[in-house]
Structures are given as C-alpha cells and as structure tokens.
Amino acid sequence: MSAAVAFIAAPLAAAFLIPLLGTRASWGTRSASLLTLGSLLALGVWMLTHPVPPQVVILGGWRPPFGINLYVDATALMLVTLFVLVALAALWFQHQHGQEKPVSFDVLVLVLTAAGAGAVFTQDLFNLFVFLEIATVSAVALSAPQTGSPRGVIRYWLFSSVSGAAMLLGIAVLYSGAGTLNLVDLGARWAHLEAPVRWVSGVLILLGFLVKMEIMPFHVWAPATYRRAPSSVGLLLSGVVTGLAAFSAWKFFALVLRGGASLPPVSGVFSFSQALFGLGALTLILGALAMLAEKDGKRLLAFSTISAMGLVLMAISLGNPRAVRAALFLIFAHALGKGLLFFVAGLATSRTRRSEWDAWRGLGQASPSLVWFWFLGAATVIGLPLFPGFWGKLSFVGGALEMGLWGRTGVLLLIVATVAESVALLRVGHVLWERPGEPATAAEPPAACACGGVSYWAGALALIAVILWMGLWPSVFTRAFTSTQSAYAGRSPSSVARISTDAFAPRRAGLKQDR
Amino acid sequence: MTRLLPALVSLAVVVLLGALLLTGPTRDGLFRGSSGLGDTFSRRDARGPAPDRVGPGSRGLENASANTVTAIVLDYRGFDTLGEVTVLFAAVAGAGLALFGRRRRGQAPPRRRASLILTTAAPFVVLFLFVVGLAVALHGHLTPGGGFPGGALLAAGLVLLMSSTGHEPSARRLHLLEGLAGFSFVTVGVAGLVWKGSFLAHFTGGGALGDFWSAPVTILLYLIIALKVSSELTGAVRTLALVEDPTDKEAP
Amino acid sequence: MNIVTIVAISALLLFGIGLYGLWSGRNVLRWILAVGLMETGVNVFLVLTGWRPGAAAPIVTEAFSTSGPLPFIDPVPSALVLTSIVIGLGTTTLALALAVLHGQEHGNLDCGDDPGTLEVLE
C-alpha cells in the first residue's frame with residue numbers, strides 16, 4: 001500500500017512542476033492540474049475496489065516511534081478520495097465559471113489536496129501539525145479576495161496562526177512530558193503523565209483543531225472569508241479544510257485522549273469531553289439559528305458549515321462507536337452536500353453579480369437544474385431519509401441516546417437545529433424557483449440558461465453520483481467506518497496500535513531488504 | 001480601560017501556564033532534557049559497517065551524518081521537511097496569488113539610484129554571502145546550519161544584488177529554480193521508494209563519520225533545499241517589492 | 001530559580017506579550033508582529049525542553065562513545081524548531097501580502113470590522 005504515498009507526493013510534484021509551464025494560466029497548466037487530480041481520483045477508486053487489510057506505511061525507512069508512519073485503511077482512503085473529488089470539482093468550477101486566476105491558484109489547490117491526504121494518513125503528531133499548517137497557508141492564500149476588502153481573510157490568517165502557535169506549544173509540552181511524537185505511543189503514555197501536562201497540552205492542541213473546524217467562539221473569521229472568497233474556494237474550505245481538521249481532531253481524541261476519559265475531571269462535575277460536547281452543541285444551535293437571519297447566500301452556507309461542524313464535534317466528544325460512525329458519515333455528507341450548494345451559489349453569484357440570496361429570484365426558471373442541484377444538496381446536508389446526512393444523524397441519535405441526559409439534550413438540540421437549517425435552505429431554494437419579480441426588483445431578466453454542455457454537468461453529476469450511492473447503499477461506508485472505529489479503539493485484530501508496533505517486522509511492512 | 005483588560009487577560013494566561021508547568025514535579029518532569037526518542041537518536045552507532053537500514057535486528061539507528069539534528073531533520077523525520085518546504089512554497093505562491101491583478105508599478109519604476117557605498121561594497125559582500133551560504137548549506141551534516149540558513153544567506157546575496165544594481169531577477173528563472181528543486185526533493189523520495197522500499201529513505205550507504213562525503217543524500221537534499229529556499233525568499237521579496245506602496249496615494 | 005525557569009518564564013512572557021499585542025489594537029502590522037512574538041516564545045519554549053545542564057550540541061565526534069553517559073542535549077526539539085521557524089516565516093510572508101492588499105483596498109492598515117460583519121453573532 002505504498003501507493004498511498006502517491007496521494008501526497010504526486011500533487012506536490014505536480015505543484016512544483018506546473019509553474020514551469022508559465023505564470024499565466026493556460027490550457028496546458030489547467031489540463032495538467034486537472035489531469036493530476038483526475039488520475040489521483042482514479043487511483044483512489046482503484047484502491048477502494050481492491051481492498052487490502054489496513055496497513056502501516058513507513059516513511060524514510062525507520063520504524064514508527066523514530067520515523068514517521070502513515071496508517072492507511074478503507075476510511076482514510078475514502079476520505080482522501082473525497083478530498084480529491086472535491087478539489088477536482090472546485091478546480092473544474094473555477095476554470096469554467098470563475099474569474100481569471102494565475103497558475104498559482106491551481107498549484108495551491110494541489111498543495112491543499114496533498115495536505116488533506118497527509119493529515120488524514122499520518123500517525124505522527126508533529127507531522128499532523130505540519131500538514132495542518134500547509135492546509136491553512138494554502139487555504140488562506142486561496143481565499144484572498146480579488147476584489148473587495150480582505151479583512152475576513154486577515155482574520156482567518158490571524159486565528160489560524162495564533163491557534164497554530166498554541167498547538168505547537170501544546171506539542172512541545174506533550175513531547176517533553178511523554179518523550180515521543182507518535183500518536184499511538186503518546187496514547188500509551190498519556191495516562192502516566194502529570195495532570196497539568198495533560199491539561200495544558202490537551203487544551204492547547206485541541207484549540208488548534210477547533211479553530212480549523214470553525215467551532216463557535218473561534219468561528220468569527222469564517223462568514224466574512226466565505227463571502228469574499230471565490231465560490232470554488234468556499235467549496236474547498238467547507239469540504240476539505242474542515243473535513244481534514246475534524247478527522248485529525250477525532251484521531252487525536254481517539255488515539256491519545258482515549259475519548260477524553262483519561263483526563264482528570266474539573267471539580268468532579270465536568271469532564272473534558274462534556275466541555276467539548278457543550279461547545280459543539282452551542283455551535284450547532286447558534287449556527288443554525290444564524291442561518292435563519294442571514295441575508296447573504298455565501299454567509300448562509302458558511303453558517304451551515306459551522307453548524308454541521310458543531311454536530312461533528314458533539315459526535316466526536318461522545319466517543320461511542322455509533323457516534324464515531326455518525327461523525328464520519330457527517331463529514332462525508334457535509335462535504336458532498338455543501339459541494340453542490342456552493343456550486344449553485346457560485347453560479348448564481350456569478351450570474352447576478354450579487355451574493356444576497358434574495359437577488360437570485362427566478363434563476364431557476366431559466367435553468368431548472370440549478371434548483372434541483374440546490375434541493376439535492378440541501379437534502380444531503382439536512383439529512384432527508386435516503387440521503388447521506390440521514391444516516392449520519394440517525395446514528396448520532398442512536399449514539400447520543402446511550403449517553404443519558406447529555407445525549408438526550410443533544411438530540412433535542414439536533415432536532416431544533418435541523419428544523420432551522422431546513423427552513424433556511426429550503427427558503428433559498430424556493431426563491432430560486434420563484435418567477436422573477438412580479439413585485440420584486442429583478443434588475444435584469446435571466447438569460448437563457450446558466451450554462452450548458454458537458455462542462456456544466458460533469459462536476460455536479462460526479463458529486464450527485466456519490467451522494468446517491470452513499471444515501472441508497474450506505475452499507476459499504478458503514479462497514480468501513482465501523483472497522484476503523486474499532487481499530488482506533490484498539491478492539492480489533494487490525495488495531496492501529498498493534499499494526500504500528502508490528503510494522504517493524506519486514507514481512508508486514510513489505511519492506512525490501514537492502515540489495 | 002480598553003488597554004487594561006487585554007493586558008490582564010494575557011497576564012492571566014501567562015501566570016496560569018507558568019503555574020501549571022513550572023512548579024513542583026511537573027517542572028522536573030518537563031525539563032529533564034532527555035527523552036527515549038532523543039537519547040536513542042543520540043546513541044546512533046554511526047561508525048559501524050555499512051548501515052543495514054531496514055528490518056528488525058538492525059543495530060538501532062544508523063545515519064552517518066555527524067550532526068544528529070541534521071540526521072533527524074533529513075532522515076528520520078525527512079517527511080516533515082518535505083512538508084516544511086511545501087509550506088514555504090505555498091506561502092510564496094499564495095502571496096503572488098493574493099496580489100494578482102492588483103495595480104503594480106509600470107515597466108520602468110521610478111527608482112532612486114543606489115548609493116555609492118552600496119554599489120561599491122555590494123560585489124564583495126555578495127561574494128562573501130554566496131560563499132558562506134554555500135558552505136553552510138553543504139556542511140549541514142557536519143556542523144550546525146544546513147540548507148535553510150544557507151538558502152537564507154544566498155537569498156540575502158541575491159536581494160542585495162537586486163537592490164544595488166536595480167536589476168531584478170526574472171520571475172521565470174526563479175520559478176524554474178524553485179520548481180526544479182522542489183521536484184528533485186520528491187524525486188529523491190521516490191528514489192528511496194524504488195531502491196529501499198520506503199518513501200524518502202536514503203538510498204546510498206554512509207561513509208566514515210565526520211568525512212565530507214559521509215552522508216551523500218543529506219548533502220544532496222540540503223543543496224536542493226538551499227536552492228529552493230534562496231529562490232523562494234528572493235521571489236517573496238520581489239513579489240512584495242513590486243506592488244505599489246499603499247501609502248503613496250491619498251486615502252480614498 | 002535556575003536558568004531553566006528563567007528562560008521558560010521569558011518564553012511564556014513573550015507569548016503573553018504577543019497575546020496582548022493582538023488584543024490591544026487592530027493594525028495589521030501590529031498583528032503580524034504580535035504573532036511573530038508568540039511564535040518566538042513558543043520556539044524558545046520548544047528548544048528549552050531539550051536543554052540539559054552542561055550538555056553539548058548533538059554533533060558526534062571521535063571522543064564520543066555510544067555506551068557512556070550522553071553528553072548531548074535532546075536533539076528532537078532542535079529539529080522540530082527548525083521546521084516551526086520556517087513555517088512561521090511562510091505565514092509571515094503571506095500575512096505581509098495580505099497587509100499590502102488591505103492597504104491597497106482601504107488606504108490604511110487599520111483592520112476594523114468589515115461593514116456588515118457584526119450583523120449576526122460575530
């Protein structure tokens with residue numbers, strides 16, 4: 001499974017080489033970057049259809065605690081393939097419908113994809129930090145607006161740099177306490193550390209993840225950034241950046257914190273995971289309510305992302321098998337559904353030149369497919385039955401009801417938030433569908449069709465295909481997520497801890513002997 | 001009052017962190033200055049026969065570069081370094097992307113001539129910077145330093161050349177150097193995958209400890225990094241220097 | 001009060017001064033400097049975790065034998081700090097570009113609130 005390295009090495013190599021074709025975007029640079037992502041997508045699908053048991057890939061030829069290793073299983077591959085798909089859709093959209101961008105746009109999308117793959121695969125805490133920083137740097141640069149105020153993106157830079165510094169401080173404290181950087185190794189030593197070391201490092205490292213997940217007190221940058229950034233970047237931010245942050249947070253939570261149970265409770269009442277659960281619940285409900293009040297289409301989608309990540313954080317902090325499965329399902333559903341929603345929002349914005357959703361009135365009359373895409377995306381995010389979000393929310397309810405009063409409160413909040421989110425999203429869909437302005441102020445009658453031809457359908461249909469597959473036939477995903485959960489919890493033959501330790505043996509790791 | 005609250009909060013954070021980390025047994029545990037990982041790295045048996053790098057029963061860790069920090073940066077944790085190089089690359093490309101399409105100075109910017117002192121001294125200083133930069137980069141496996149400081153020195157020379165002669169290095173050449181260096185890093189990684197079965201594994205054996213040619217792949221990687229860092233830093237200075245000074249125009 | 005405590009307190013103070021710099025103004029350059037201070041504080045702390053009294057830089061010489069007591073500091077934090085310095089350099093470069101962008105857009109570096117950012121829950 002050394003082929004998994006290709007998901008990191010190939011986009012990086014392409015990113016280094018593509019600027020040699022010229023600084024200005026040309027036919028060659030565009031097709032080179034699309035081709036790279038396309039062949040990675042093909043590789044991902046091929047690896048998923050030829051499943052092998054979960055494996056550890058050793059980098060640099062040194063065994064895990066000394067070198068860096070990757071853990072590759074079906075869930076990680078699915079997630080990385082999803083990132084590649086989202087990146088491909090975003091790049092395709094930008095080439096077809098976006099403004100003119102220099103070649104560094106394509107380059108940064110490739111770098112972001114590599115960072116997503118690295119953050120999902122890696123089993124080393126510092127390496128995870130490096131990949132999160134790569135993702136942040138490229139995401140900040142991508143969302144710098146071409147026109148208009150860059151204040152949102154400056155705040156994005158500020159929040160992520162400060163949280164990066166905090167996270168590094170946490171890693172320093174943790175390293176000097178535990179003397180290792182491998183996640184599995186850290187998990188084994190975590191319980192023997194002094195309580196202050198555990199508290200400081202746990203809080204500081206989680207802070208880094210929370211900012212990148214847009215959890216409530218740290219989300220301030222997100223709406224303004226989403227509003228000013230090109231729509232394709234909104235797709236990347238909500239599909240790739242939050243997804244990789246959420247998965248890394250879960251990895252840290254599951255391998256090192258052991259579900260938060262090993263942290264000493266504060267004054268006996270309030271445990272660490274309960275605090276995270278509270279933050280997640282706050283984010284879920286306030287994000288959904290903010291969607292109701294929001295007039296701007298892209299900011300609406302930003303709040304939808306924030307709300308969805310709140311639910312993911314709640315599921316992560318519950319930590320039982322069903323909740324973890326819910327978190328993984330929600331990450332997928334969110335990326336896919338939000339991809340479609342941003343696709344429509346981007347087209348509507350580029351056609352009407354306004355991002356207030358009220359101005360999109362009647363676009364659906366000219367091109368009904370826009371409305372269909374919007375409703376499909378909304379159904380995925382909301383979780384209508386037989387859509388991916390449904391399986392996530394269903395299994396969240398199952399997991400939460402196991403956890404007593406906290407869980408029941410969470411379910412109640414989820415219902416309220418889902419209602420608010422549905423109202424907000426369906427209202428926009430209705431506006432899209434409505435006839436243009438009998439009383440309204442439709443400035444210009446929409447032209448014949450938003451767009452047509454292959455270029456229009458290809459990106460959306462790829463996302464829809466995955467949505468339908470995941471909604472109608474979730475058993476493949478459920479199996480993968482369940483085995484991943486038990487592997488990370490150390491309860492299966494292919495447990496992460498066991499095969500990471502065994503990776504030293506050459507027959508397991510598939511290392512060739514020195515010639 | 002508006003200044004007091006932030007000060008108090010920051011002070012509270014510092015006091016809290018200090019109280020948690022710098023008292024009693026926690027402090028002794030944190031700052032004992034050794035760890036299982038670090039001690040094992042320090043005890044590399046670098047003077048043994050040609051290293052058998054992979055597989056069980058290898059005698060611990062062998063890397064022939066005398067500088068243990070370099071061995072960690074480029075060998076044991078070489079994957080981090082690939083990421084580090086990528087961060088810098090993404091940041092410079094991102095600065096270019098952020099400033100794309102913004103108004104720039106015309107083809108012939110109104111530029112003051114460099115002063116006599118600068119133009120006279122520049123050749124000597126530039127030569128010195130280049131020689132020292134290359135030496136630092138090439139001796140990274142023996143002495144403190146390596147590709148990053150070496151590349152920064154080379155970039156300082158290039159920037160000095162830029163400001164003394166007024167001649168800007170062409171973006172295309174900088175991109176060429178940067179891209180080829182980055183691609184070579186990945187290629188070295190793939191070569192490790194092909195010959196040693198592991199991405200970024202060093203594919204040659206080591207020599208005698210302390211010799212110049214003791215760690216050939218380390219030298220190669222640090223040379224690549226030095227070229228990449230120097231072209232990237234020069235590119236960053238060039239990108240930021242070419243945009244219009246916002247304080248020149250009146251506020252709208 | 002030995003040297004470790006003094007340096008550790010200085011590192012944390014640098015971190016705190018950076019934090020204060022973030023909260024006490026809205027100028028973009030001030031923010032960039034403040035984040036730089038915070039990163040420096042963290043880097044000093046990181047290097048310090050490898051420090052050991054009387055130990056040398058971890059460069060192997062002929063005099064060193066692998067069996068005796070180690071005369072070296074812990075080399076891992078030194079390697080990590082190299083990476084984190086370069087990452088800090090990268091983010092600063094990007095931030096300077098964004099500051100130039102802000103200056104071109106608004107004619108100053110005072111990053112106040114975007115009109116309309118305070119509408120909902122921000």
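# Confidence, cores and contacts in a predicted model

Among the elements of chain A, helix H21 (residues 506-509) has the lowest mean pLDDT, 38, and H5(A) has the highest, 95. Here pLDDT is the predictor's confidence in each residue, on a scale from 0 to 100. This is a predicted model, in which local features need pLDDT of at least 70 and side-chain atom pairs count only at pLDDT 80 or more, while totals for chains, interfaces and linings use all residues. Residues are numbered from 1 along each chain as its sequence is written, and chains are lettered from A and ligands numbered from 1 in the order in which they are written.

Q: How do you know how confident the predictor is in chain A?
A: The mean pLDDT of chain A is 85. In this chain 90% of the residues reach 70 or more.

Q: Where in chain A does pLDDT stay under 50?
A: One stretch is residues 439-450, for which the model has 22 contacts beyond four places in sequence. Another is residues 504-515, with 24 such contacts. A contact means that the C-beta atoms of two residues, placed from the backbone, lie within 7 Å.

Q: What makes up the secondary structure of chain A and of chain B?
A: Chain A comes to 21 helices and 2 strands. Chain B has 9 helices and 0 strands. From the N terminus on, chain B runs α-α-α-α-α-α-α-α-α. These are DSSP runs numbered from the N terminus: helices are H or I with at least four residues, strands are E with at least two.

Q: What share of each chain is called buried?
A: A residue is buried if 20 or more other C-beta atoms lie within 10 Å of its own, exposed if 12 or fewer, and partly exposed in between; C-beta atoms are placed from the backbone. By that count, buried residues make up 66% of the 515 residues in chain A. In chain B they make up 48% of 252 residues.

Q: How far apart in sequence are the residues that contacts join?
A: Take contacts between residues at least 6 apart in sequence. In chain A, 79% of them join residues at least 24 apart. In chain B, the figure is 70%.

Q: What makes a set of residues a nonpolar core?
A: Its members are buried Ala, Val, Leu, Ile, Met, Phe, Trp, Tyr and Cys residues, joined through C-beta atoms within 7 Å. The largest such core has 307 residues, and A:Ala87, A:Leu236 and A:Ala315 have the most contacts inside it. Helix H13 (residues 321-352) of chain A gives the most to this core, with 20 residues. Leaving aside neighbours within four places in sequence, A:Ala315 is in contact with seven residues, among them A:Ala323, A:Leu330 and A:Phe396.

Q: How do you know that H8(A) agrees with its expected span?
A: The expected span is 1.5 Å times one less than the number of residues. H8(A) has 19 residues and 27 Å is expected; from first C-alpha to last it reaches 26 Å, which is close. H8(A) is mostly covered, with 15 of its 19 residues buried.

Q: Why is A:Arg353 called exposed?
A: A:Arg353 is exposed because 9 other C-beta atoms lie within 10 Å. Its place is in the loop between H13 and helix H14 (363-366) of chain A. Its phi is positive, about 65°, although it is not a glycine. Most residues other than glycine have a negative phi.

Q: Why is A:Leu386 called exposed?
A: The count for A:Leu386 is 11 other C-beta atoms within 10 Å, so it is exposed. A:Leu386 lies in the loop between helix H15 (368-382) and helix H16 (388-401) of chain A. Here too the residue is not a glycine, yet phi is positive, about 70°.

Q: What makes up the contact between chain A and chain B?
A: The contact takes 55 residues from chain A and 53 residues from chain B. H5(A) gives the most to the side of chain A, with 10 residues. That side divides into 36 nonpolar, 15 polar and 4 charged residues. Ala, Val, Leu, Ile, Met, Phe, Trp, Tyr, Cys and Pro count as nonpolar, Asp, Glu, Lys and Arg as charged, and the others, Gly among them, as polar.

Q: What makes up the contact between chain B and chain C?
A: Chain B gives 53 residues and chain C gives 49. On the side of chain B, the largest share, 10 residues, comes from H5(B). The residues of that side divide into 33 nonpolar, 11 polar and 9 charged.
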